[in-house]
Each structure stands twice: as C-alpha cells, then as structure tokens.
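Reader: I should be grateful for guidance on how to read the features of this structure.

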Amino acid sequence: MGILGLSKLIADVAPSAVKEKDIKHYFGRKIAIDASMCLYQFLIAVRSEGAQLTSIDGETTSHLMGIFYRTLRFIEQGIKPVYVFDGKPPNLKGGELAKRAEKRDEAQKALEVAEAAGNTEDIQKFNRRLVKVTKQHAEDSKQLLKLMGVPYIDAPCEAEAQCTALVQSGKVFATATEDMDALTFGCNVLLRRMTFSEARKMPIQEIHYDKVLEGLELNKDEFIDLCIMLGCDYTDSIRGIGPKRAMELIKTHRSLEKILENLDTNKYPVPTDWNYKQARILFQEPEVMDPNNIELKWSDPDEEGLVNFLCGDKQFNEDRVRNGSKKLLKARGTSTQGRLDSFFKVLPSTTPVKRKADDKKTPAKKGKPAGRGKFRGKAK
C-alpha cells in the first residue's frame, strides 16, 4: 500500500523535491530495485490474450519474462541493478495482510459472478485483483537473476527498508519502487516510474528526501508521524483526517502524542488500541542487514544456463534468449565510460537507518561470482 496520498502531498507542498529525468540520466548508477513490486507489476501486465504467460505445465512465467527483458533494458542503459526481495513481514503488518486477503476473497466471488455472466471485461478486472506474488515467483526470479549475472539480496524484513540502508551507506545511488514508504524509512533518493512498462513512455520521477523535509518544513520524526497519519501498512489511520488536515496537525503540534492530547475524538475517532508507537519504531529502526556486510557483484551471463532454464517447458523462444544473453554480455563489455562524479568519493548518509538486526546475519545472496564485472564506472 505504501503511504496514502503522500506523492500528491509532496507534489503540492514540496514540488522542488521532485525532478523528472530520462532513464539515460542513470548511466553508470547502481540502483536498488524493490523486487516484489516489479514481480507484481509483471504478473498483472505481461499477458497474452488477457491471460498470464504459462509453462507447458500451466505454471505462470509472466514474472520471468518481465524480469528478463526489464533487466536487459536496465543494463543496456548502463544501469547496474540489484534486486531486493522482501523477507518475513513484521507482525504489525498482519492487519494489512488480512485486509488484502479479504479483498482477494471478495474479488474471487465477483470473478465467479462475472464468469457465469460471461462478462469478459469484469473477468479480466477481477483476475488482476487476485494476483499475488508467491514464494515460488520470488525463487524463480532469483534463479533467473543468477543466470543473468545480476546480484540480489534477501532482506530480513521489508525490502524498502533494506534498499534505504543500501542508499544511505553509499552502496547504491537510489531505490526504484512505486511505494512511497521508502521515503518514510529515510531513503535519500527515490525513483518512481523506473519500473514502469517501456510502453508508457513516462519520465522517471527522482524524489529527494532532504528536499521533501525542507519543503514540508518537518524533521524526520515529524515526517514519520505524518506518514502514519496519512495511512501506512502497519496501523489504521484516524478516520476523517486527510492529507491537508494531517499536515495542519503536525505543523501545529509536532508529534502524534500532542495531536492526540488536543484532538476532538468525537469528530475524529481514534482507532481502538492505536499502535502508532510501534509503527513509528518500525520506520525509525527497521530490521535490515548491515550494508557493510553486503558485497554487490555483477558477472557475465550464463547463456546455456539461461536457455536451459527459460526454454523447453517454460516456452521461451531460444533465439530471443540467446540474443538477450549476448546483449547482456555486450552491454557489460562496452560500459567503459564512467560518470563525471565517479572521480569523487561517494559519502554515505550522515543519518543511517538504525538496525535491530545484529551484524551476524547471513550475508546477502549474490549472483554467480564469475569474477569482477566489467563495469568500469565507480559511481554509485
């Protein structure tokens, strides 16, 4: 879900925080990508005659098609992607997950009605609402990324939090996701629309966290409280309080505690046992792996491995897979031009994410370590 209404609020109140860029602007950049968001998009969008692509056995392959060609596009543009997969969701997210399950049940019932009526448009609409990224989708995608020579990370908890830690440490330049809660975790640079379909031809939105705080005239803790009021994955929001009213309350009282002391609860009923304090801690101290223990390596693609994995039962065209593998290799071999800022040292953020997880967590899984990649640029 992300943060309800945050993107519009930033556009209205802190427009200087948002810049529009062409994808070519990110040549030589290392970008952390929210993998689950991408997989969800692919499962909805990559279709043939309205249905997901499948293997001979009926297993979905839309996500693999999306990962293969989207990653190829990134690398041909000189971008060095690292995919970050969600780990175990925090207990506090259980309520949001239950709501999503309830909506899927409603969509299933509506789908059955649409099928009985032969309503093709509604059938497609409710089928999309039933889409869910499974553990198998993620495992398939990791195997594909290994064969493509692209690193990935299994986050211990939320992918957006792990992406933020990578950005703050200087390991990567930005996080690519459509979920605005990456900013709530404190991500220095957020890229939206980078994972959009190429057919949409929309410029990438580059959002800078420091400019967001400056434009909203809030510090990081006040911004987190604002996001909780707007509505996040971890707790319900206060009924009747929209973005404009939430901003007014934060500007006036500067904390949720003070807001609750002065709020007319008859007009704005507060949820029973409102767990905003726990939600705040999850944003302030998310569970992530220490980026210093993460090594990111890009390696040459395994062409034969890709053919064996994608062709045959999964029904990918062998010529296209081999052609894609050769494009990957060529793009890596010819990406020798560095960015101007690669000549300067990239410093990590001075306000890194606090970590609950100790530094003894298992290091990140990586792509096939076939030696150092051939990218020459040092820019993050």
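Author: Let us begin with a pair of helices. Helix H2 (residues 35-45) packs with H3 at an angle of about 115°, and their axes are 8 Å apart. Please bear in mind that the model is predicted.

Reader: Which hand does the crossing of H2 and H3 have, left or right?

Author: H2 and H3 make a right-handed crossing. On the H2 side, the contact is formed by Leu39, Phe42 and Leu43, and on the H3 side by Ser62, His63, Gly66, Ile67 and Arg70. Of the residues in this contact of H2 with H3, four are nonpolar, three polar and one charged.

Reader: At what angle do H3 and H6 pack?

Author: Helix H3 (residues 62-76) and helix H6 (residues 135-148) pack at about 35°, with 10 Å between their axes. H3 passes H6 in a crossing that is right-handed. From H3 the contact takes His63, Leu64, Ile67, Phe68, Thr71 and Leu72, while H6 supplies His137, Asp140, Ser141, Leu144, Leu145 and Met148. The division of the residues in the contact of H3 with H6 is seven nonpolar, four polar and one charged.

Reader: How should one read the sides of a helix, and which residues of H1 are buried?

Author: An α-helix has 3.6 residues a turn, so residues three or four places apart point the same way. In helix H1 (residues 6-13), the buried residues are Leu6, Leu9 and Ile10. These residues lie on the same side of H1 because they cover an arc of only 100° around the axis. Lys8 and Asp12, on the other side of H1, are exposed.

Reader: Against which elements do the buried residues of H1 pack?

Author: The buried residues of H1 pack against strand S1 (18-21) and against four helices: H8 (181-184), H9 (209-216), H10 (220-230) and H11 (243-253).

Reader: Which residues of H9 are buried?

Author: Tyr209, Val212, Leu213 and Leu216 are buried in H9. Viewed down the axis of H9, its buried residues fall within an arc of 95°, so they line one face of the helix. The buried residues of H9 pack against H1, H8, S9, H10 and H11. Just after H9, glutamate 217 has a positive phi of about 60°.

Reader: I should now like to turn to the sheet. In what order do its seven strands stand?

Author: Strands of a sheet pair through backbone hydrogen bonds, either parallel or antiparallel. Here an open sheet of seven strands follows the order S1-S9-S8-S7-S2-S5-S6, and the pairing is mixed. S1 and strand S6 (152-154) are the edge strands, each pairing on one side only. From one strand to the next, the twist averages 25°.

Reader: Which strands of the sheet does H6 touch?

Author: H6 packs on the sheet and touches strand S5 (80-85) and S6, with its direction at about 155° to that of S5. Helix H7 (residues 159-169) also packs on the sheet, touching strand S2 (30-34), S5, S6, S7 and S8; the direction of H7 makes about 170° with that of S2.

Reader: How do the residues of a single strand such as S8 point?

Author: In a regular strand the side chains alternate between the two faces of the sheet. In strand S8 (residues 189-192), Val189 and Leu191 point one way and Leu190 and Arg192 the other way, and all are buried.

Reader: How many bridges join S8 to S7, and how many join S8 to S9?

Author: Strand S7 (residues 174-176) and S8 run parallel and are joined by two bridges. Alanine 176 stands opposite leucine 191 of S8. S8 and strand S9 (residues 204-208) run antiparallel, with four bridges joining them. Arginine 192 has glutamine 205 of S9 as its bridge partner.

Reader: Finally, how is one residue read on its own, and where is histidine 253 placed?

Author: Histidine 253 is in helix H11. Histidine 253 counts as partly exposed because its relative accessibility is 22%, whereas buried means under 20%. Apart from its neighbours within four places in sequence, histidine 253 is in contact with Lys258, Ile259 and Asn262. Glutamate 222 is 31 residues from histidine 253 along the chain, and their C-alpha atoms are separated by 9.6 Å.

Note on methods: Residues are numbered from 1 along each chain as its sequence is written. This is a predicted model: local features need pLDDT of at least 70, side-chain atom pairs count only at pLDDT 80 or more; totals for chains, interfaces and linings use all residues. Side-chain values use heavy atoms; hydrogens and water are left out. Axes are lines fitted to C-alpha atoms, for helices over the stretch in contact, and angles run from 0 to 180 degrees between N-to-C directions. A crossing is left-handed if the near helix is turned anticlockwise from the far one by less than a right angle, and right-handed if clockwise. Contact means heavy atoms within 4.5 Å. Ala, Val, Leu, Ile, Met, Phe, Trp, Tyr, Cys and Pro count as nonpolar, Asp, Glu, Lys and Arg as charged, and the others, Gly among them, as polar. Buried means under 20% relative accessible area, exposed over 50%, partly exposed in between (1.4 Å probe, protein chains only). The arc is that of the directions from the helix axis to the C-beta atoms. Two strands pair if DSSP finds at least two bridges between them.
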